[in-house]
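Please read through the structure below with the sequence at hand. The paragraphs that follow go from single residues to a sheet and then to the chain as a whole.

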Amino acid sequence: MKNNILIIAVVISTLFGCQSGTDLKAKKAELAEAKAALSELQEKIDNLEKEIATLDTTTVVQNSVLISSGKIELVPFVHKISVRGSAASRKNVMISAETMGRIESIRVREGQRVSKGQVLLTLDADIVRNNIAELKTSLELATTVFEKQERLWKNNIGTEIQYLEAKNNKESLERRLATTNSQLSQSIVKAPFDGRVDDLPAKLGEMAQPGLPLVRMVSPKSMYVEADISERFLGAFEAGDSVTLHFPIQDKTYTSKITAVGEVINPENRTFKIEAALSKTDFTVKPNQVVVLKLTDYQVADAILVPSEIILTDAAGKFLFVVDEEDGNTVAKRRSIEAGKTQNGQTEVIKGLAENDVIVLDGYRDLNDGIPVKFADRSTQTANL
């Protein structure tokens, strides 16, 4: 090494020791010769340093980076998405009158439990009742006339037309009475199912008409959960798939099944609907309550999983470091990968790794391609911790 330095000193001394009157061409030639000698000398120095680094194990250990590693094993991988939905009831309805009329009486109050067929409120139907009374009187007379005409006809007295007219008059009045009774029943609003009166916007004396809300009834039965799913998940879910329902208010979790998948995309938010069954629970669930649905959109039986934090990115793409042997030394090697989905801090590696590869778990930020490494802990561990 001292001889090499001496040579450099001689070359430089020769270069700068030239007399000022030396020809410019000669100086350029001397400069080129000195540069060539210096380049050759630098190359020799580099080669010697590499040879020394290979032979001197003490130097290698001192320059090594301390790491921990893990071996790749194939494991099942399930990826889930979380979607905000809400509880709903198929028996959550706003009841209105079937006909127009003044509200005559209200038979229930808010919060009251009612049974199917129970009267909720009635409308003023005096005109209809008067029509019914009049029709009943007319029907009594028509029935009497028909019965007498029928007896005469059986004894061959009178004409057939008289018999038929009496029969037709009686049957016509019977149909009109039935129609009027139906009109009377429309003035009575009844509960369509067992449930609870949730809201009562009807007011005594107000006019009711078809379509105007009078009573809201809700039943805890026939409950389900619905949610809007982005169209990018088309084909990912089917009826019968398992779904986890989480109720944040009660901090309760419930496992269910998808019962329906919508066929239409909502043009306003580009989503489609799914429904999940909600059987009886040991806690109270009310319509419109927030529910978080966890749905499985991807799963594979044998996947390569690595901690997401060890995946690095640069202009060339995603990569991580693996442990390899090179010239008898343990070194870190950069390995380009193709990453898939991430779940709970674990990322699936689709390309770039294989089973039994050893990857760097700790110390990866201090590594470069080919740098020697030594292990902080030789105990066996897997990469997907």
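In which strand is Glu-348 found? Glu-348 belongs to strand β20, which covers residues 346-351. The model is a predicted one, and the places and distances described here are read from that prediction.

Glu-348 carries a charge that has no partner of opposite sign at hand: the residue is buried and has no salt bridge. The nearest side chain of opposite charge is that of Lys-341, 8.1 Å away. A salt bridge requires a side-chain nitrogen of Lys or Arg within 4 Å of a carboxyl oxygen of Asp or Glu, so Lys-341 does not form one with Glu-348. What the side chain of Glu-348 does have is a polar contact of 2.9 Å with the side chain of Tyr-298. Apart from neighbours within four places in sequence, the residues in contact with Glu-348 include Phe-77, Val-300, Ala-303, Ile-304 and Leu-305. Glu-338, Ala-339, Gly-340 and Lys-341 are also among the contacts of Glu-348.

A second glutamate can be read in a similar way. Glu-275 lies in strand β14, residues 271-277. The side chain of Glu-275 makes a polar contact of 2.7 Å with the side chain of Arg-90. Once neighbours within four places in sequence are set aside, Glu-275 also touches Tyr-224, Val-225 and Glu-226, as well as Lys-257, Ile-258, Thr-259 and Ala-260.

Next comes a residue in a loop. Pro-248 sits between β12 (242-247) and β13 (252-261). Is Pro-248 buried or exposed? Pro-248 counts as partly exposed, because its relative accessible area is 38%. Along the sequence, Pro-248 and Gln-289 are 41 residues apart, while in space their C-alpha atoms are 9.4 Å apart. Beyond its neighbours within four places in sequence, Pro-248 is in contact with Val-290, Val-291 and Val-292.

Strands also combine into sheets. One open sheet has 4 strands in the order β3-β10-β8-β5, and the pairing is antiparallel. At the edges are β3 (92-96) and β5 (113-114), each of which pairs on one side only. From the β5 edge, 2 bridges lead to β8 (residues 195-199), and these two strands run antiparallel. Within this pair, Arg-113 has Arg-196 of β8 as its bridge partner. Strand β8 is in turn joined to β10 (residues 213-218) by 3 bridges, again in antiparallel fashion. Here Val-197 is placed opposite Met-217 of β10. In a regular strand, side chains alternate between the two faces of the sheet.

The last step is to take in the whole chain. There are 5 helices and 22 strands. Of its 385 residues, 32% count as buried. Among contacts between residues at least 6 apart in sequence, 72% join residues at least 24 apart.

How far the predictor trusts the model varies along the chain. The average pLDDT is 85, and 88% of the residues score at least 70. Residues 57-62, however, have a pLDDT below 50, and beyond near neighbours in sequence this stretch has 4 contacts in the model.

Conventions:
Residues numbered from 1 in each chain as written. Predicted model: local features only at pLDDT ≥ 70, side-chain atom pairs only at ≥ 80, totals over all residues. Heavy atoms only, no water. Buried < 20%, exposed > 50% of the residue type's maximum accessible area, 1.4 Å probe, protein only. Lys, Arg positive; Asp, Glu negative; His and termini not counted. Polar contact = N/O pair within 3.5 Å; in protein donor to acceptor, adjacent residues only side chain to side chain. Contact = heavy atoms within 4.5 Å. Pairing = 2+ DSSP bridges. pLDDT = per-residue confidence, 0-100.
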